[in-house]
Amino acid sequence: MKDLNPVITGRKTSIFEVMSRLAIENDAINLGQGFPDTDGPEDVRRVAAEATVEGPNQYPPMMGVPALRQAAADALQRHYGLSYDPGDEILVTAGATEALAAAFSAFLTPGAGGEAVIFEPAYDAYFDMVEGAGGVVKPVPLTAPDWALDEDALDAAIGPETKLIVLNTPVNPVGKVFTQADLEAVAKRALEHDLIVVSDEVYEHMCFDGRRHRSIAALPEMRERTVRMGSAGKTFSLTGWKVGYTAGPPELIGAMARAHQYLTFATPPSLQKAVAYGLNKDTAYFDGLAADMQASRDRLARGLTEAGFGVLPAEGTYFLTADIAPLGFDDDVEFCRRIASEAKVAGVPVSAFYHATNAAPPSNFVRFCFAKQDTVLDAAADRLKSWIDR
Ligand SMILES: *Cc1c(COP(=O)(O)O)cnc(C)c1O
């Protein structure tokens, strides 16, 4: 047989898979994987159920059902003052994941440099997806403990082959919300070097302590070079649905659509209709989501602090970063293996969110997901405390 794609076949079993397996084997509380343990709004689910029964359930339009494209455009206008034409500036995909895959395969040129600047720690899929699309990853570390943007490192990563910058705010895994100054620094480079910005904003409605989400697309001249992605999975706590929506100028959305037509082509129409209904909800829903998540963050932060962890600020997302150095540990991977099997709580080592070329990622941080019921968060904190005090 001829060789298979070495980039894909060379992928290792991810640390997430390893930790999830350990969690199952040990009957551990899984704060590793990022998903809520209660389903999102019942009315949204009912719209999906009714639309499935009523039909039609045949291939919807490749760009997405008109009601969802309109609702996504309306939501962007309402929340951020951004105007997009639902006709050719919004694309519906199978989750933000497919949108990312479509963007990388549309914007990178295999074999021709095609470099993508990625801030790390980063959502792990970016690295493999960029490389799978034939691109080259240029990582730029954010500096702990506040995950500050290092403008010199950003400048050093950009070269003549750079095609795009991947921006994720709020940041999975560490919960940083990019400040206005951060966004301006990224925009300045994008304009200077004529780069596309792939802006992953799936946690847009999970910003805490009065912070408001800002899209880089709202900065001067940035709308024309930015594709910004949202996810119904995250916004409606329905991660299994995999419905995403990307907004951008027609040229970029058109290129993504040409990739999408041979990736999945379309997304279940009944789910799209339900997400359209959901996006039209009034601000109380979106504010309530942030308030609920913030309360969960505070609850887990309290529990972990009482157990002896250092707890870093989490400005957004589902995730809290715990510092294990105060507990006398310095190997996050080993620590996660031990707590999964001994304390019966699973987390994810933050070093797993760095590109392989980073020789010395920080090794004293663990990501815990707090999108869980209070009783689950309390039980996890109790187990960790008993293990630490053993
Ligand atoms: C969950 C997640 C995604 C994927 O979203 P889906 O809509 O489930 O495909 C993309 N980016 C980040 C940062 C995420 O955390």
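**Exercise 1.** With which side chain does the side chain of His213 make a polar contact? Place both partners in the fold and classify their exposure.

*Solution.* The model is a predicted one.

Step 1. The side chain of His213 makes a polar contact with the side chain of Glu201, at 2.8 Å.

Step 2. His213 belongs to the loop between E6 and E7. Glu201 is likewise placed in the loop that runs between strand E6 (196-200) and strand E7 (226-231).

Step 3. The cut-off for buried is under 20% relative accessible area. His213 has a relative accessible area of 8%, so His213 is buried. Glu201 has a value of 0% and is therefore buried.

Step 4. The side chain of Glu201 also makes a polar contact with the side chain of Ser215, at 2.8 Å.

Step 5. Leaving aside residues up to four places away in sequence, Glu201 touches Thr169, His213, Ser215, Ile216, Arg228 and Met229. Under that exclusion, the residues touched by His213 include Tyr80, Thr169, Pro170, Glu204, Cys207 and Arg228.

**Exercise 2.** Describe the surroundings of the ligand, starting from its site and ending with its buried area.

*Solution.*

Step 1. The site of the ligand is the largest pocket.

Step 2. The ligand is surrounded by 13 residues, of which Thr97, Asp200, Tyr203, Ser231 and Lys234 are the closest. Helix H5 (residues 95-107) supplies the largest share of this shell, with three residues.

Step 3. Distances between polar side-chain atoms and oxygen atoms of the ligand can now be listed.
- Thr97: a polar side-chain atom lies 2.6 Å from an oxygen atom of the ligand.
- Tyr203: a polar side-chain atom lies 2.7 Å from an oxygen atom of the ligand.
- Ser231: an N or O atom of the side chain is 2.7 Å from an oxygen atom of the ligand.

Step 4. The ligand taken alone exposes 380 Å², and the protein buries 94% of that area.

**Exercise 3.** Is Ala71 buried or exposed? Identify its element and the residues that Ala71 touches.

*Solution.*

Step 1. Ala71 lies in helix H4 (residues 66-80).

Step 2. Its relative accessibility is 1%, so Ala71 counts as buried.

Step 3. When residues up to four places away in sequence are not counted, Ala71 touches Ala276, Leu279 and Asn280.

Step 4. Sequence separation and spatial distance may be set side by side for one pair. Ala71 and Tyr277 are 206 residues apart in sequence, while their C-alpha atoms are 7.7 Å apart in space.

Methods: Residues are numbered from 1 along each chain as its sequence is written. This is a predicted model: local features need pLDDT of at least 70, side-chain atom pairs count only at pLDDT 80 or more; totals for chains, interfaces and linings use all residues. Side-chain values use heavy atoms; hydrogens and water are left out. Helices (H or I, at least four residues) and strands (E, at least two) are DSSP runs, numbered from the N terminus. Buried means under 20% relative accessible area, exposed over 50%, partly exposed in between (1.4 Å probe, protein chains only). A polar contact is a pair of N or O atoms within 3.5 Å; within protein, one must be able to donate a hydrogen and the other to accept it, and residues adjacent in sequence count only if both atoms are side-chain atoms. Contact means heavy atoms within 4.5 Å. A residue is near a molecule or strand if one of its heavy atoms lies within 4 Å of it. Accessible areas come from the Shrake-Rupley method with a 1.4 Å probe; for residues, only the protein chains shown count as cover. On a 1 Å grid over the protein atoms alone, a cavity is a set of points where a 1.4 Å probe fits but cannot get out, and a pocket is an open set with protein on both sides within 12 Å along at least five of seven lines; lining residues have an atom within 4 Å of a point. A molecule sits in a cavity or pocket if more than half of its atoms lie within 2 Å of its grid points.
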